[in-house]
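Please take a moment with the sequence and the model that appear here before reading on. The paragraphs after them are meant for someone meeting this structure for the first time.

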Amino acid sequence: MRTLLTGNYAVAEAVKLSRARVIAAYPITPQTTIVEKLAEMVEKKEIDAEFIRVESEHSALAAVYGSAVAGLRSFTATSSHGLLYMYEMVWWVANARVPLVMAVVTRTIGPPWNIHTDHTDLLTMRDSGWIISMAENVQEAFDLTVQGFRISEEAGLPFTVGMDAFQLSHTAEVVDLPSQQDVDAWLPERRQPYRIEPEDPVTVGCIGPNEYTAKLRCNMAREMEKAKELVNRVDEEFGKSFGRRYGGLVEEYRLEDADYAVVMTGAWSGDAKDAIDMLRKEKLRVGMLRLRYFRPFPQKELRKLLEEKEVLVVDRDFSMGHMGILGIEVSSAIGDITNVIAGIGGVDVGVDDFKMMFRKFADKKLRKIEWWPEEMFL
Amino acid sequence: MVAGGDVSMKIDELPRRSSLLPGNPSCQGCPHAIGLKALSVLENPVLIIPAGCTTIIAGIHPKAAFNVPVLHVPFASAAAVASGLAASYRKEGVEASIVVWMGDGAADIGFATLSGAAVRNEDIIVVVSDNEAYMNTGIQSSSTTSWKARTTTSPGGKSEEKKDLAAIMLMHRIPYAATASVGYLPDFINKLKRASEIDGFRFIHLHSPCPPGWRFDSSKTVEIARLAVKTGAWILWEYSGRFRITSPSKPYKDGSKRVPLEEYIKTQGRFKGLSEEDVEEIKSKIEEQWKFLLAFEEIFR
Amino acid sequence: MKHSEYLIAKPSKGSAGQTGLWRSFRPVYHVERCIRCLLCCFYCPEDVIEVHYHRFILFHYEYCKGCGICASICPEDAIEMVEEEE
């Protein structure tokens, strides 16, 4: 069924169709309407789930940790300060190897107070052991959420769906919503490494030899590595059932014959693609590698697809004292890159900006690390 | 019959074996280890343990010290994790007594979590085993440390009041709240049993004198817990629709029946060097607490 | 070993080893004085006092930490704490 939905409502529909049984969340703009919608669905009995109205984000993730460890498909969502407030639980859930899905509607971090997008919040999850994805459009946010449950449960790792504040969360786009029957057929029964059940007297997470911590981390690292293949496989299988494939960990856009490759992630990639189309007409061979997943990180794909290309990484985030976070990551895989920092705090960056930016890059008029647009930072 | 102060029980009603197995890492004379024995009266217990002494007591991998399911959770998260667990079990029709066992440290850092779970009237039992300081990190002041008690962060004696956690929890309009003491195990067991027959959020504030933390000999845990009650410094009460002072504390409603406070204070290194004025001040604080709770008894008849 | 097993521990006595070795004083039972009230058994933090035939008691010294609560709580002085020899 094709229908008009905002990103937040699309995620809520995906959670419903994935038959999540427990949802816990605390409101924060711009995430709020996801859980408002889910609360409404629960109350109208459109979804057979419990909604726990927790008193904080720390408790939101703690509560779904509890419900997931007891064996039920669970979901939460947050943004920015909410994510930072639950940060302790972010790590705990991953280290405990508990599958669940969380949506992070990306929003900058204060002060000053600002509810608009950049990717700094999501990227703070980098080292925690979550599988981290980022949507470009509303349909992809929906698809990633459904796929997230499958990937998370197969990998035994938690999964996050990132999407930009307002540009996706509150922007309505036409979405192809699959039927419940089709999702049921595609999404297997939940599985997980272990459960907490009465009468099974196991103790989970007690102190122990240091080697056990080390072995657990190594196992996580290996599982994360295996998840690369898993993400690609799930993308393909999803494509077979629902007709939409994105390319797995990365999406290529007019990349193969490009001299200049742009690496970026999130909703603004759509505008950048429009700019690429326009520049192509002007005979500038630009292409894009869009990071759909930040963890596991697609080094292999980057090395293969960006070989012998000039690479520009456009970051909507910054690692203080260094460079853009994607910039750091991409250069760790392929070496020398140029890094533009733009759109921080939701500053609007449109097709014209991208066109100018890519043109300047081709003309070698960008600094190694360039805050965009230059005149704003004079 | 087993005498537990004024509460007696038939020996056969008492749990013979603890859910905590011998040879665990608890200190000699540990009050938590005594209190945890009471949990064996519960059907299908599932234990949620945030950071604290009981994190250690629970055993060292691969050997768990509990023979019931235990989930270790971050410090401030326990009541929220329990809420999620309860939601799952409710959805699946799983029968379980979900017990959050925490110290006063977790009750401090997780106070919002505790309050949120109480407001939602989550179907869980929360026991705060209160040894009146952060013992697991080495005896630092908590919000339930007694006024003037010496800790490593209040070497000259704590300058703030002891927070009445149980009364605060009661004010959440939960169906069950009580105080208990490891010195009166039958009373604690009775309270747990009563709590287990009620649905919703149940809270028990358990007084747990700590030998290394309060600086007394490990053989004195029960004796000192009892002295706290006999001097009126710790008052046992229960609310389950009505509020009442419970048996071990009943005689001490009458101040003249109480053992002199000095008998309690002198047993503990943490109160060493208190002036006479300080002791008098503590006595007046205790008197105030009695007035407060007796008024409660009048109100919630 | 499955990875999750590093997270999961199973119930076992002696999770802290043979805690009887912590003991400086050993509880010694004077059966003739025992009134079989079982208070000692009830309050033993370590759960190492077993109720035996006719409600006489038996100490499991392997794990008894020697805290002395049993002796201190006994109304008839039927338990005595005796210093362990080296």
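What follows looks at chain B as a whole and then turns to a single residue of chain A.

The model is a predicted one, and every value below should be read with that in mind. In chain B, the secondary structure amounts to 11 helices and 12 strands. The radius of gyration of this chain is 18 Å, close to the 19 Å that the globule rule gives for 301 residues, so chain B is as compact as a globular protein of that length. When the C-alpha trace of chain B is laid along its principal axes, it spans about 60 × 45 × 40 Å.

The interior and the surface of chain B can be described in turn. Of its 301 residues, 63% are buried, and among the contacts with a separation of 6 or more, 70% join residues that lie 24 or more positions apart. On the outside, chain B exposes about 10,400 Å², of which carbon and sulfur atoms supply 52%. The chain carries 35 positive and 33 negative charges, and the mean positions of these two sets are 3 Å apart.

In chain A, where along the chain does A:His119 sit? A:His119 belongs to the loop between strand E5 (101–106) and helix H6 (120–123) of chain A. Its relative accessible area is 2%, and because buried means under 20%, A:His119 counts as buried. Leaving aside residues up to four places away in sequence, A:His119 touches A:Thr106, A:Met134, A:Asp164, A:Thr265, A:Gly266, A:Trp268, A:Arg316 and A:Asp317.

Definitions and conventions: Residues numbered from 1 in each chain as written. Chains lettered and ligands numbered in written order. Predicted model: local features only at pLDDT ≥ 70, side-chain atom pairs only at ≥ 80, totals over all residues. Heavy atoms only, no water. Helix = DSSP H or I, 4+ residues; strand = E, 2+ residues; numbered from the N terminus. Rg over C-alpha atoms; globule rule 2.2 N^0.38 Å. Buried < 20%, exposed > 50% of the residue type's maximum accessible area, 1.4 Å probe, protein only. Contact = heavy atoms within 4.5 Å. Areas by Shrake-Rupley, 256 points an atom, 1.4 Å probe, with all protein chains shown as cover. Lys, Arg positive; Asp, Glu negative; His and termini not counted. Charge placed at Lys NZ, Arg CZ, Asp CG, Glu CD.
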